[in-house]
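Work through these short exercises with the model open. Try each task before you read its solution.

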Amino acid sequence: MHDFDPGYGREPYAALVRSYPGSETYPTTDFRTEWGPIFHRGRLDGTAKVLVIGQDPAAHEAIARRILVGTAGRRFQGFLAKLGITTSYVMVNTYLYSVYGQQGGNAHAHDTAIAAYRNAWLDALVTDNPIEAVIALGSLADTAFRTWRTTPTGTGYHGAYQHLLHPTYPDSAASTGADPVQAMAKLLADWNAGLDALHGAVAAPDQQVPLAHYGNALTAADLGTIPEADLPPGLPAWMRSDEAWANRQGSTPADKRATILVQIPADQRPF
Ligand code: URA
């Protein structure tokens with residue numbers, strides 16, 4: 001038997017998906033609108049207790065059509081497991097489309113048209129689900145939450161809220177010259193503070209797990225597996241594996257923007 005995500009047939013999500021914004025709202029200079037919007041991951045059946053706000057989809061998400069399934073997703077799935085949350089979550093991103101270029105994300109942090117559609121999703125999610133905790137991954141997600149908080153539905157939200165460093169903070173910090181070991185230790189210290197704040201914030205988690213902090217380095221055991229139930233039907237198991245399987249490729253910026261190489265990891269091949 002195989003589990004799968006049944007998709008967006010239920011209201012209010014069907015209407016939201018039908019009315020998604022395109023390049024009139026998300027300019028193609030700043031967003032990879034050509035890969036289509038990627039809406040969510042997790043429960044849309046009224047059972048989510050934790051709402052996660054990520055940043056923007058990347059290459060793996062463009063193929064799997066669900067958010068936070070690559071490195072960031074597996075790291076954060078491990079964080080949720082440490083809260084005992086294995087199924088009762090739903091995730092949306094700050095942006096429906098992958099950010100293109102260095103400044104695209106920051107430039108649209110306070111974009112009202114982008115916020116209007118995102119707020120409609122947040123309204124739907126907190127109205128349809130018994131959300132007890134909201135977690136924002138990174139500062140753009142924090143801004144998204146705070147923007148929503150000023151809306152009528154946002155003002156009425158009284159559950160827990162935690163802003164965490166983004167799961168790929170160490171990778172971005174290292175790419176701009178930071179020491180990767182120290183950057184990872186900083187992420188994990190931040191997430192340990194998040195565990196202290198959130199452990200017990202959900203009254204009846206999926207599993208009762210004792211509070212267990214991260215060490216200074218991320219171990220294989222700290223990564224979560226993306227559940228089959230989170231992906232569209234029939235996606236092969238290697239799309240949930242611990243290895244990268246999607247990469248942007250191309251010898252010119254235009255080709256790289258237009259191309260994602262999908263490759264089955266060597267140890268996942270049945271041939
Ligand atoms: N992928 C996503 O969908 N969101 C993030 O924040 C990071 C990677």
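**Exercise 1. Sort the shell**

Task: How do the residues of the shell around the ligand divide into nonpolar, polar and charged?

Solution. This is a predicted model. Step 1: list the shell. The ligand is surrounded by G54, Q55, D56, P57, E61, I67, L68, A72, N93 and H166. Step 2: pick the nonpolar ones. Pro, Ile, Leu and Ala count as nonpolar, and the shell holds P57, I67, L68 and A72. Step 3: pick the charged ones. Asp and Glu count as charged, and here they are D56 and E61. Step 4: the others count as polar, Gly among them. The result is four nonpolar, four polar and two charged residues.

**Exercise 2. Find the polar contacts**

Task: Which atoms of Q55, E61 and L68 pair with the ligand?

Solution. Step 1: recall the cut-off. A polar contact is a pair of N or O atoms within 3.5 Å. Step 2: check Q55. A backbone N or O atom of this residue lies 2.7 Å from a ligand oxygen. Step 3: check E61. Here the side chain takes part: one of its N or O atoms is 3.1 Å from a nitrogen atom of the ligand. Step 4: check L68. A polar backbone atom of L68 is 3.0 Å from an oxygen atom of the ligand. Step 5: look at the cover. On its own, the ligand has 230 Å² of accessible area, and the protein covers 93% of that. Step 6: place the ligand. It sits in the largest pocket.

**Exercise 3. Compare two positive phi angles**

Task: Are R65 and L68 buried or partly exposed?

Solution. Step 1: locate them. R65 is in the loop between helix 2 (59-64) and helix 3 (71-82). L68 is also found in the loop between helix 2 and helix 3. Step 2: read phi. R65 is not a glycine, yet its phi is positive, about 60°. L68, also a residue other than glycine, has a positive phi near 50°. Step 3: apply the cut-off. Buried means under 20% relative accessible area. L68 has 6% relative accessibility, so L68 counts as buried. R65 has a relative accessible area of 28%, so R65 is partly exposed.

**Exercise 4. Spot the cis bond**

Task: Which residues does a cis peptide bond join?

Solution. Step 1: check omega. It is about 10° for the bond between E11 and P12, which is cis. Step 2: place P12. This proline lies in the segment before helix 1 (13-18).

Definitions and conventions:
Residues are numbered from 1 along each chain as its sequence is written. This is a predicted model: local features need pLDDT of at least 70, side-chain atom pairs count only at pLDDT 80 or more; totals for chains, interfaces and linings use all residues. Side-chain values use heavy atoms; hydrogens and water are left out. A residue is near a molecule or strand if one of its heavy atoms lies within 4 Å of it. A polar contact is a pair of N or O atoms within 3.5 Å; within protein, one must be able to donate a hydrogen and the other to accept it, and residues adjacent in sequence count only if both atoms are side-chain atoms. Accessible areas come from the Shrake-Rupley method with a 1.4 Å probe; for residues, only the protein chains shown count as cover. On a 1 Å grid over the protein atoms alone, a cavity is a set of points where a 1.4 Å probe fits but cannot get out, and a pocket is an open set with protein on both sides within 12 Å along at least five of seven lines; lining residues have an atom within 4 Å of a point. A molecule sits in a cavity or pocket if more than half of its atoms lie within 2 Å of its grid points. Helices (H or I, at least four residues) and strands (E, at least two) are DSSP runs, numbered from the N terminus. Buried means under 20% relative accessible area, exposed over 50%, partly exposed in between (1.4 Å probe, protein chains only).
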